[in-house]
Amino acid sequence: MDLKEQLVQITGERFGLAPEQCSDRQLYEALLTLTRRLAESRPAPEGARKLYYFSAEFLMGKLLDNNLLALGIHAEVRDLLSAMGRNLDQIEELEPEPSLGNGGLGRLAACFLDSIAALGLKGDGVGLNYHYGLFRQKFADNKQMETPDPWLEPDSWLIPTGKTFTVPFGGFEMKAKLWDVAIPSAYNDRANRLHLFDVEEPAQPPEGGINFDKTDIVHHLTSFLYPDDGDDAGRLLRVYQQYFMVSAGAQLILQELEERGFGPGELADHTAIQINDTHPSMVIPELIRLLTGRGLTMDQAIDQVSRTCAYTNHTILAEALEKWPLHFIERVAPQLVPIIRELDRRAREVCADPAVAILDGNGLVHMAHMDIHYGYSVNGVAALHTEILKKAELKRFYDIYPHKFNNKTNGVTLRRWLEACNPELTALIDGCISTRWRRDPGRLVSLMEFMDNDHVLEQLLTVKQSAKERFCRQLREAQGVEVDPNSIFDVQIKRLHEYKRQQMNALYVIQKYLEIKEGRLPERPVTVIFGAKAAPAYVMAKHIIHLILCLQRLIENDPAVRPWLRVVMVENYNVTWAERLIPAADISEQISLASKEASGTGNMKLMANGAVTLGTLDGANVEIAELVGPGNIYTFGAHSDRVIRLYDDKGGQRYRSLDYYHTPRVERLVDFLLSPELLEIGDAKALAALWRDMKGKDWFMALLDVEEYISVKDLAVRQYGDRKSWARKMLVNIAKSGYFSSDRTIKQYNEDIWHLS
Ligand code: 26Q
């Protein structure tokens with residue numbers, strides 16, 4: 001049957017209609033069915049060793065477009081629909097986005113699944129089927145409000161597998177039901193799977209807000225994805241979630257191992273487990289438990305697991321390193337407690353230093369420590385990050401196990417983040433260097449040959465302009481906000497965190513606002529665009545959103561400032577908005593306090609779409625700067641070694657925000673938070689709390705870097721005016737972005753860690 005016939009059959013069976021008679025909604029459902037079937041029927045890749053990528057988050061984004069492309073039927077379906085007078089893009093809009101992740105870590109897992117399949121490697125994801133992904137963000141009274149975001153409709157990407165596993169919790173058992181999402185390869189006829197475990201009887205949808213009964217584990221275990229903060233009330237439920245995921249996942253692994261004809265003593269020869277941050281770390285003691293239950297001795301079980309598990313660290317913020325009270329684990333999975341104690345005892349034999357122990361004196365289990373002692377690989381996610389792990393954060397471990405440490409600089413799938421989201425730019429690149437870069441992104445460097453090709457440079461500017469105009473339309477339709485497509489689009493899109501320093505960008509806005517009020521007009525109009533969700537319990541992050549929304553309102557109401565400066569915060573920033581915004585960005589804001597951003601991945605997506613980075617030497621920005629060279633990036637700010645010294649109590653060099661506040665320019669900017677014009681719009685308490693924090697604490701040192709930031713941004717705005725030279729910068733950024741393809745990253749994981757084939 002050809003595609004048209006299949007579509008006719010599906011719409012006939014489901015709706016009793018011919019495709020031509022269907023609504024967009026019905027066509028969407030029919031395409032979902034068609035695509036899911038095609039993907040589902042693909043066999044798994046071959047391979048002697050199989051990878052399981054364990055992650056509490058998979059931020060997949062919409063899948064219809066992606067899967068049509070991977071299956072190689074996108075153009076055919078598009079043409080088929082347009083012959084019926086229908087529009088595929090419009091139909092794709094109807095898909096709910098599965099937001100089963102918070103941000104970078106979850107989206108990285110999704111990019112990795114795409115690349116693992118594309119490269120023909122045998123590897124599945126293992127996670128949880130949250131019924132509500134990350135909350136939906138609404139703005140009211142210039143504040144963030146959260147509402148639940150159900151993504152599961154009666155028909156979804158989930159394939160029922162019929163498999164269940166029993167998870168033994170302290171005092172009761174639960175069945176984990178397995179659902180799969182097919183991950184088709186873009187380059188061969190195989191597909192991997194994302195395995196998502198769910199409870200048997202999920203709770204009914206909550207009424208109203210995002211709060212639910214966190215003690216009703218049986219019904220709520222998979223209800224919600226935790227936002228990335230330490231919401232105390234939910235901590236125990238989080239441990240239940242983690243154990244549910246790893247116990248069911250470990251059972252699945254052993255079942256598949258047996259089906260492949262191998263015994264439990266051969267686990268390591270045929271399996272690799274990547275632990276995505278510490279959220280799945282309990283897979284280590286759980287596998288040991290299951291293996292000893294299948295006849296291995298403790299020594300044998302530990303040996304197998306230690307040759308199977310590898311750990312990726314995504315953060316150097318100490319407060320984000322998971323440490324669970326042993327009594328939590330005693331309650332959730334008491335059978336793990338003797339195993340964890342034994343692992344701790346053996347670790348102390350290797351090294352007596354209490355700083356590397358698994359169990360500390362306060363009864364806390366250090367999840368990362370368990371991963372490092374009992375995993376065979378520890379990797380950071382950008383060169384600088386890995387160096388900081390080795391030299392500072394995990395130095396003691398590096399001294400014991402230097403051979404385990406390695407770097408895997410993050411990457412992003414350019415199939416989604418360039419080919420799919422920016423077809424115009426893709427066509428321009430294809431026209432210059434043929435389509436071979438798509439399978440071999442390193443070839444993008446041959447774009448460098450077009451540095452003096454005026455025609456290509458002009459086309460680059462035209463493509464960017466049209467992406468900006470498209471974004472303006474989408475923003476108008478979604479939010480009723482009108483922005484000028486001829487202004488510079490200065491874009492900061494990422495979770496809201498103090499270390500990412502959206503507040504410093506807000507200070508830039510204040511500076512420009514004050515200048516314009518004094519009659520000093522900028523060289524050209526700038527639109528500062530933010531997209532960010534704050535964790536619901538993260539008070540300071542919410543204050544920063546409030547400040548930005550107040551500035552947006554202030555400027556919107558001021559006809560003297562509006563033509564020159566705008567602030568826009570996109571509501572409910574998610575993968576779908578990222579796909580619209582990234583092609584339209586001129587400047588990519590990557591301004592975290594040096595040493596704090598492990599890598600960043602938005603920086604890579606923006607670069608590949610021709611945005612020029614304005615950033616600190618942090619995370620992967622360092623590698624971007626090396627690749628593009630100083631003329632094609634704007635860097636500023638204190639370097640990581642200085643920042644680390646400024647946090648040090650010794651030597652009397654500790655950072656004191658007041659020293660920086662008490663300079664004429666900075667004081668004026670910070671004090672603007674308490675200005676009558678802002679107080680008239682905003683919540684005085686919230687603004688005052690933020691003002692007090694910025695002035696008296698400023699833990700992430702925005703005041704240290706703000707002056708240099710403003711002057712470097714001024715330089716970028718000035719240089720943007722030389723259109724030809726700016727187009728060259730864009731070209732260099734695109735040309736050098738091939739390194740940041742997740743295909744490269746995954747090849748390195750495979751060569752150095754997984755050894756799948
Ligand atoms: C922990 C305990 C309880 C509840 C939530 C959490 C939690 C959840 C999510 C802690 C951390 C996260 C997410 C971390 C994250 O996204 N890190 C980012 O990972 C990216 C991919 O490697 C990097 O590019 C970013 O630099 C890093 O911030």
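**Testing the labels**

Trainee: Why is Glu 589 called buried?

Mentor: Its relative accessible area is 0%. Buried means under 20%, exposed means over 50%, and partly exposed lies in between, with a 1.4 Å probe and protein chains only. Glu 589 has 0%, so Glu 589 is buried.

Trainee: What should I know about the model itself?

Mentor: The model is predicted: local features need pLDDT of at least 70, side-chain atom pairs count only at pLDDT 80 or more, and totals for chains, interfaces and linings use all residues. Residues are numbered from 1 along each chain as its sequence is written, and side-chain values use heavy atoms, with hydrogens and water left out.

Trainee: Where does Glu 589 sit?

Mentor: In strand 17, residues 587-590. Helices (H or I, at least four residues) and strands (E, at least two) are DSSP runs, numbered from the N terminus.

Trainee: What makes the pairing of Glu 589 and Tyr 709 a polar contact?

Mentor: The distance between their side chains is 2.7 Å. A polar contact is a pair of N or O atoms within 3.5 Å; within protein, one must be able to donate a hydrogen and the other to accept it, and residues adjacent in sequence count only if both atoms are side-chain atoms. The value of 2.7 Å is within 3.5 Å, so the label holds. The side chain of Glu 589 also makes a polar contact with the side chain of Lys 713, again at 2.7 Å.

Trainee: Which residues are closest to the ligand?

Mentor: Leu 105, His 314, Asn 410, Glu 597 and Gly 600. In total, 20 residues surround the ligand. To count as near, a residue needs a heavy atom within 4 Å.

Trainee: What makes Asn 410 a polar partner of the ligand?

Mentor: A polar side-chain atom of Asn 410 is 2.8 Å from a ligand oxygen atom. That is within 3.5 Å, so the pair passes the cut-off. Backbone atoms take part too. A backbone N or O atom of Ser 599 lies 3.0 Å from an oxygen atom of the ligand. For a polar backbone atom of Ala 598, the distance to a ligand oxygen is 3.3 Å. The protein covers 87% of the 610 Å² of accessible area that the ligand has on its own. Such areas come from the Shrake-Rupley method with a 1.4 Å probe; for residues, only the protein chains shown count as cover.

Trainee: How many residues of each kind line the shell around the ligand?

Mentor: There are 6 nonpolar, 8 polar and 6 charged residues. Here Ala, Val, Leu, Ile, Met, Phe, Trp, Tyr, Cys and Pro count as nonpolar, Asp, Glu, Lys and Arg as charged, and the others, Gly among them, as polar. Helix 6 (residues 104-118) gives the most to this shell, with 3 residues.

Trainee: Which domains supply the shell around the ligand?

Mentor: Domain 2 (47-58 + 97-410) and domain 3 (414-740) each give at least three residues. The domain bounds come from an automatic or database domain assignment.

Trainee: How do you know that Cys 111 has no disulfide?

Mentor: A disulfide is a pair of cysteine sulfur atoms within 2.5 Å. The closest cysteine sulfur to that of Cys 111 is in Cys 421, 11 Å away, so the pair is too far apart for a bond. For Cys 432, the closest cysteine sulfur is also in Cys 421, at 18 Å, too far as well. By this rule, the count is 0 disulfides.

Trainee: Why does Cys 432 still count as buried?

Mentor: Its relative accessible area is 19%. That value is under 20%, so Cys 432 passes. Cys 111, at 1%, is buried too.

Trainee: What makes helix 10 largely enclosed?

Mentor: In helix 10 (residues 283-293), 8 of the 11 residues are buried, so the rest of the structure largely encloses this helix. Among them are Val 283, Pro 285 and Glu 286. Ile 288, also in helix 10, is buried at 1% relative accessibility. Just after helix 10, Gly 295 takes a positive phi of about 105 degrees.

Trainee: Which value makes Ser 595 stand out?

Mentor: Its phi is positive, about 95 degrees, although Ser 595 is not a glycine. Ser 595 lies in the loop between strand 17 and helix 23 (602-608). At 6% relative accessibility, Ser 595 is buried.
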